[in-house]
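Hello,

Here is the structure I promised to pass on to you. Have a look at it first, and then read on for my notes on its cavities, its cores and one histidine.

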Amino acid sequence: MNPAAPLNDLLVVDLSRYLPGPLVARLLADLGARVIKVEEPRLGDPCRQAVPSVDGTAALAALLLSGHESLALDLKKETARRCLEELLITADVLIDSFRPGVLEGFGLGPDDLRRRYPRLIHCAVTGWGQDGPEAHRPGHDLTYQAIAGSLAGSRGMPSVQTADVVGAWSAATSVLAALHRRGRDGQGSRIDAPLLDAAGHAAITAWSAEAHGPRADGEPLMLTGALPCYALYPTKNGGRLALAALEPKFWQRFCELVERPDLLRRQYDTSGETHREVEAIAGSRTRAEWADLLRGHDIPADPVLTPAEALEHPQVRARELLRPAYDGLARLGFPARFDGERPRGGDTFPVLGEHTERLVKEFGLAQELSGRQRRAGGVGRKFSLKRWAAKLRAKASTRKTSPL
């Protein structure tokens, strides 16, 4: 077995959309699982319309969906739902991101899934969870962070979708744990993986400070910029410096480097005076000058890079985290290596509905579809795979999808 593909005997069916759920599927695909992406027939997953794009392919979609198989199904149609039900007979994992109650409306509620597919791992990636007074509300990463308190110290829009990404990792970890348990007792699981809970974990240091009652007046949170040794500082000509000299030995080295031994005892001064003095020091050099000065001094401090600059950083390049692909779009590698090899789920980006015909044949899905209603993602009375294939070939130059 390939050590970098430990899940290569698993089948994952992904009904989710946008970022968190598809990222769960992406992580499992990188680890070797076969992922069938079930998409709405007209536009597919909204990540396909994200910007920027290269020759009509969204860069985000290339990162999330490459290596997947695309099955176009309109789950509002009875026959399409029957296709899904037949596919779940073989599946190991089902991922969805619907609000609570939606799958119940399809006849695939928790009790139905447990009764019909007792070995299935069902992972529901929702915003607010399956219960509670807000469970049915809409939301996105920004609102989950807002309620979790993650934005309280922010001076602007966050540039990272923390709740979405941490939520995806939480869900993927839970899937792996459920698969491990199934290996012992043969039973599937229903995983409730809300993004609000993930945002709470991302805010672990702030929550730890508040969990046992209010803090004393003026008592700062350690890692929010209140400490002069751990903060972002503007540099000359518009850049910024990230100073993370939290340990005394690193703060001492920084004070020696900038020839300010008088600051040594003021590492944790929260009055603002030391912070202003360090700000003046940071503003005396450009970002590039700070990079040159810090090099070789073993101090956790670095210039703040843009995403484009980060991709060119020598450590990022040495790790080969981002790799080019055949279509000119980059692919993001799994953030760990197994015995020196980085897992990868494949670079081929699927056209919406590209694998529908093959999957229908392979899994024997819904053998009662009509051509017209199949193209609409719906139901019908009679389905001829041979006739459908001939129509697809005839229309290949004008239509790129083949939805059920």
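**What lines the cavities**

Sorted by class, the residues around the largest cavity are seven nonpolar, five polar and four charged. Please keep in mind that this is a predicted model. The space in that largest cavity comes to about 90 Å³. Its lining is made up of 16 residues, and those nearest the centre are Asp 96, Leu 103, Glu 104, Gln 130 and Arg 190. Two elements, α4 (102–105) and β7 (121–124), each give two or more residues to this lining. The largest share belongs to α4, with three residues.

In total, there are two cavities of 30 Å³ or more in the structure. The second largest holds about 30 Å³ of space. Around it you will find Arg 26, Asp 30, Ala 62, Leu 63, Ser 66, Arg 323, Arg 331, Leu 332 and Gly 346. The elements giving two or more residues to that lining are α1 (20–30), α2 (59–65) and β13 (331–332). By class, this second lining has four charged, three nonpolar and two polar residues.

**The nonpolar cores**

In soluble globular proteins, nonpolar side chains tend to be buried together. Here, the largest nonpolar core counts 39 residues, and Val 24, Leu 28 and Ile 95 have the most contacts inside it. At least two residues each come from α1, α2, β6 (93–96), β7, α6 (141–148), α7 (162–185) and α8 (195–202). The top contributor is α7, which gives seven residues.

If you would like one residue to start from, try Leu 28: beyond its neighbours within four places in sequence, Leu 28 is in contact with Leu 7, Val 12, Ala 33, Ile 95, Val 175 and Leu 176.

There is also a second, separate core of 25 residues, including Ile 36, Leu 88, Leu 103 and Leu 113. You have met Leu 103 already, as one of the residues nearest the centre of the largest cavity.

**One histidine**

His 355 sits in the loop between β13 and α16 (356–363). Is His 355 buried or exposed? His 355 counts as buried, because its relative accessibility is 13% and the cut-off for buried is under 20%. Leaving out residues up to four places away in sequence, His 355 touches His 68, Glu 69, Ser 70 and Pro 350.

Happy to talk any of this through whenever it suits you.

Best wishes

Conventions
Residues numbered from 1 in each chain as written. Predicted model: local features only at pLDDT ≥ 70, side-chain atom pairs only at ≥ 80, totals over all residues. Heavy atoms only, no water. 1 Å grid on protein atoms, 1.4 Å probe; cavity = no way out; pocket = protein on both sides within 12 Å on 5 of 7 lines; lining within 4 Å. Points joined across faces, edges and corners; volume = space filled by probe spheres on them. Helix = DSSP H or I, 4+ residues; strand = E, 2+ residues; numbered from the N terminus. Nonpolar A, V, L, I, M, F, W, Y, C, P; charged D, E, K, R; others polar. Core = buried A, V, L, I, M, F, W, Y, C linked by side-chain atoms within 4.5 Å. Buried < 20%, exposed > 50% of the residue type's maximum accessible area, 1.4 Å probe, protein only. Contact = heavy atoms within 4.5 Å.
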